[in-house]
Amino acid sequence: RTLPLFRESRKVLEEASANGALLAVASRTDAIEEAKAALQALGMTDMFASIQIYPGDKCSHMRRISEETGYEPSEFIFLDDENRNIISTAKIGVTPILVGDGATIPALHKAVKQWRQANA
């Protein structure tokens with residue numbers, strides 16, 4: 001079975017990681033084991049310092065990522081395709097960027113620029 005990613009997702013993750021970013025997954029789904037299996041099948045599990053896959057809001061995911069990594073949510077850049085997640089995570093200090101058609105290199109650069117401006 002084919003498991004497609006958004007077209008630039010792997011490139012975005014690789015560029016962020018190469019530039020020193022700690023990567024994490026925040027996924028709201030009831031299909032927890034299937035999602036973890038998909039990451040495994042794509043060879044991506046080892047890319048992430050924290051993997052939060054469970055039903056619940058993204059703020060809960062962000063708080064758990066914070067607990068596991070020791071980084072504050074204000075240090076996070078978050079790319080997501082749902083506006084409700086952008087709104088909610090911004091309220092806890094995350095720098096969120098809406099990526100309707102998936103993460104892209106320009107979206108990553110926009111997010112980094114926005115984060116730097118907010119943390120200058």
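This is a short walk through the strands, helices and ring contacts of the structure above. Hi everyone, and please keep in mind that we are looking at a predicted model.

Let's start with the strands. Strand β1, residues 24-27, pairs with strand β2, residues 50-53, and the two run parallel over 4 bridges. To find your place there, look for Ala24, whose bridge partner in β2 is Ser50. Between these two strands the chain passes through helix α2, residues 32-41, in a right-handed β-α-β crossover.

Now move along to the second pair. Strand β3, residues 77-80, and strand β4, residues 95-98, are also parallel, joined by 4 bridges. Here Asp80 is a handy marker, standing opposite Leu98 in β4. Helix α4, residues 83-90, completes a β-α-β unit with β3 and β4, and that unit is right-handed.

On to helix packing. How far apart are the axes of α1 and α5? The answer is 9 Å, with helix α1 (residues 9-18) and helix α5 (residues 105-118) packing at an angle of about 40 degrees. From α1, the contact takes in Lys11, Val12, Glu15 and Ala16, while α5 brings Ile105, Leu108 and His109. By character, those contact residues split into 4 nonpolar, 1 polar and 2 charged.

Last, the aromatic rings. If you were hoping for ring pairs, I have to disappoint you: with centres required to lie within 6.5 Å, the count of aromatic pairs is 0. There is a charge over a ring to show you, though: Arg64 lies over the face of Tyr54, 4.5 Å from the ring centre.

Thanks for listening, and I'm happy to go back to any of these spots.

Methods:
Residues are numbered from 1 along each chain as its sequence is written. This is a predicted model: local features need pLDDT of at least 70, side-chain atom pairs count only at pLDDT 80 or more; totals for chains, interfaces and linings use all residues. Side-chain values use heavy atoms; hydrogens and water are left out. Rings of Phe, Tyr and Trp (its six-membered ring) pair if their centres lie within 6.5 Å; planes under 30 degrees apart count as stacked, over 60 as edge-to-face and the rest as tilted. A charge sits over a ring if NZ of Lys or CZ of Arg is within 6 Å of the ring centre and within 35 degrees of the ring normal. Two strands pair if DSSP finds at least two bridges between them. A crossover is right-handed if, with the strands pointing away from the viewer, the path from the first strand over the helix to the second runs clockwise. Axes are lines fitted to C-alpha atoms, for helices over the stretch in contact, and angles run from 0 to 180 degrees between N-to-C directions. Contact means heavy atoms within 4.5 Å. Ala, Val, Leu, Ile, Met, Phe, Trp, Tyr, Cys and Pro count as nonpolar, Asp, Glu, Lys and Arg as charged, and the others, Gly among them, as polar.
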